[in-house]
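Hi there,

Here is the structure I promised to send over. Have a look at it first, and then read on for what turned up.

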Amino acid sequence: MPICLPTFAGTAQPATAGYANDFSVELDGTNEYIDYGSPGIFNFGTSNLTLSTWFKPTAYAGSFVMLLSSHTTGAEWGLFIDSSNNYKFYAGGGFYTGSGINLNAWNHGMVVRDSTNINIYLNGVKKSVGSIGSGTSITMGGSGVGTGMKPGLANDRYEGFVDEFALWQSALSDGGVSAGATAGGDIATIYNSGIPHDLDTLSTLPNAWWRMGDSDSGTGTTVTDVGQGVGGTKQNATLNNGAAFTSDVPS
């Protein structure tokens with residue numbers, strides 16, 4: 001008869017057969033960046049949303065280092081890290097913050113909007129909950145969305161590695177935990193004790209998912225979107241100014 005092995009809460013589960021995470025993208029903090037263009041998927045409006053990001057900063061370059069952002073004039077949204085090791089989401093005129101980023105190490109951050117709240121998670125822990133009006137629209141800037149920097153802007157540049165960026169047009173579950181507690185539900189599954197999880201095994205599949213090289217054989221300058229898309233449309237990203245795939249990944 002088959003032997004059933006136990007699983008334990010809080011331990012990383014093995015990768016699904018056929019799933020591997022072998023590549024990330026390295027950015028130099030000077031002028032290298034990832035350009036996602038200006039797809040409508042980044043105009044979140046008043047709908048629920050979830051953002052998931054893996055990142056390994058090798059320097060804290062300033063107060064508004066662009067991790068994933070359309071922020072240009074104060075009217076749009078932005079996902080940043082700052083010089084005080086904070087993970088920050090800007091939307092609707094306010095900042096939502098989670099502290100405790102580790103320098104020179106892989107971190108996992110998530111932002112979830114569930115109607116009237118913005119929830120911030122860092123490395124599997126729910127860091128903060130902040131109110132946002134149900135009628136507050138989160139919209140994209142006219143110059144599109146970038147990681148690392150944006151063309152023509154003097155914003156602080158990101159130096160380090162990024163991997164496995166994903167976006168859902170829905171609010172994923174954290175198991176109902178309060179701020180300061182270890183998240184459960186979908187958030188815990190995705191964090192997976194610090195090892196990226198196969199998002200195609202979730203009950204709610206990502207609308208966009210940039211694997212940072214794993215879908216592109218770790219070559220070239222295209223970062224293929226392997227998500228479900230929106231209305232049948234997916235959005236590939238492009239590496240610029242020498243940004244390149246590397247084998248340094250969360251593990």
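I'd like to begin with a pair of side chains: Ser52 and His108 are joined by a polar contact of 2.8 Å. Please keep in mind throughout that this is a predicted model.

**The Ser52 and His108 pair**

Where do the two partners sit? Ser52 belongs to strand 3, which covers residues 49-57, and His108 is part of strand 8, residues 107-113. Are they buried or exposed? The relative accessibility of Ser52 is 1%, so Ser52 counts as buried. His108 comes out at 2%, and therefore counts as buried too; the cut-off for that label is under 20% relative accessible area.

The surroundings of each residue are worth a click in your viewer. Leaving out residues up to four places away in sequence, Ser52 touches His108, Gly109 and Met110, then Glu164, Phe165, Ala166 and Trp168, and also Ile190. For His108, with neighbours within four places set aside in the same way, the contacts include Ser52, Thr53, Trp54 and Phe55. Tyr121, Leu122 and Asn123 are also in contact with His108, as are Ile190 and Tyr191.

**A cavity with Ser52 in its lining**

How many cavities of 30 Å³ or more does a search of the whole structure find? There is one. The largest cavity holds about 40 Å³ of space. Ser52 is among the residues that line it, together with Trp54, Glu164, Ile190, Pro196, His197 and Leu199. Of these, Glu164 and Ile190 also appear among the residues that Ser52 touches.

**The chain as a whole**

Stepping back, the protein chain has 251 residues, and 49% of them count as buried. Its secondary structure consists of one helix and 16 strands. If you take contacts between residues at least 6 apart in sequence, 65% of them join residues at least 24 apart. The accessible surface of the chain is about 10100 Å², and carbon and sulfur atoms account for 48% of that.

**Nonpolar cores**

The largest nonpolar core contains 41 residues, and Tyr36, Phe42, Trp77, Tyr87 and Phe89 have the most contacts inside it. Another core, of 13 residues, lies apart from it; Trp168, Ala183, Ile187 and Leu199 are among its members. You have met two of those names already: Trp168 is touched by Ser52, and Leu199 helps to line the cavity.

Phe89 is a good place to look into the largest core. Phe89 is in strand 6, residues 86-91, and its relative accessibility is 0%, which means it counts as buried. Not counting neighbours within four places in sequence, Phe89 is in contact with Leu51, Trp77, Gly78 and Leu79, among others. The list also includes Gly94, Phe95 and Tyr96, as well as Val111, Ile118, Ile120 and Ile138. Val111 is 22 residues away from Phe89 in sequence, and their C-alpha atoms are 7.4 Å apart.

**Loops**

Two loop residues are partnered with residues from elsewhere in the sequence. Gly40 is in the loop between strand 2 (33-37) and strand 3, and is exposed, with a relative accessible area of 54%. Its C-alpha atom is 8.6 Å from that of Val230, although the two residues are 190 residues apart along the chain. Ala181 lies in the loop between strand 12 (159-168) and helix 1 (185-191). With a relative accessible area of 27%, Ala181 is partly exposed. Once neighbours within four places in sequence are set aside, Ala181 is in contact with Val125 and Lys126. Ala181 and Val125 are 56 residues apart in sequence, with 5.7 Å between their C-alpha atoms.

Finally, some backbone angles. Most residues other than glycine have a negative phi. Asn104, however, has a positive phi, near 60°. Asn104 is in the loop between strand 7 (94-99) and strand 8, and at 47% relative accessibility it counts as partly exposed. Ser115 has a positive phi as well, near 70°. Ser115 is in the loop between strand 8 and strand 9 (117-122), and is partly exposed, with a relative accessible area of 35%.

Happy to go through any of this with you over a coffee.

Best wishes

Definitions and conventions. Residues numbered from 1 in each chain as written. Predicted model: local features only at pLDDT ≥ 70, side-chain atom pairs only at ≥ 80, totals over all residues. Heavy atoms only, no water. Core = buried A, V, L, I, M, F, W, Y, C linked by side-chain atoms within 4.5 Å. Buried < 20%, exposed > 50% of the residue type's maximum accessible area, 1.4 Å probe, protein only. Helix = DSSP H or I, 4+ residues; strand = E, 2+ residues; numbered from the N terminus. Contact = heavy atoms within 4.5 Å. Polar contact = N/O pair within 3.5 Å; in protein donor to acceptor, adjacent residues only side chain to side chain. Areas by Shrake-Rupley, 256 points an atom, 1.4 Å probe, with all protein chains shown as cover. 1 Å grid on protein atoms, 1.4 Å probe; cavity = no way out; pocket = protein on both sides within 12 Å on 5 of 7 lines; lining within 4 Å. Points joined across faces, edges and corners; volume = space filled by probe spheres on them.
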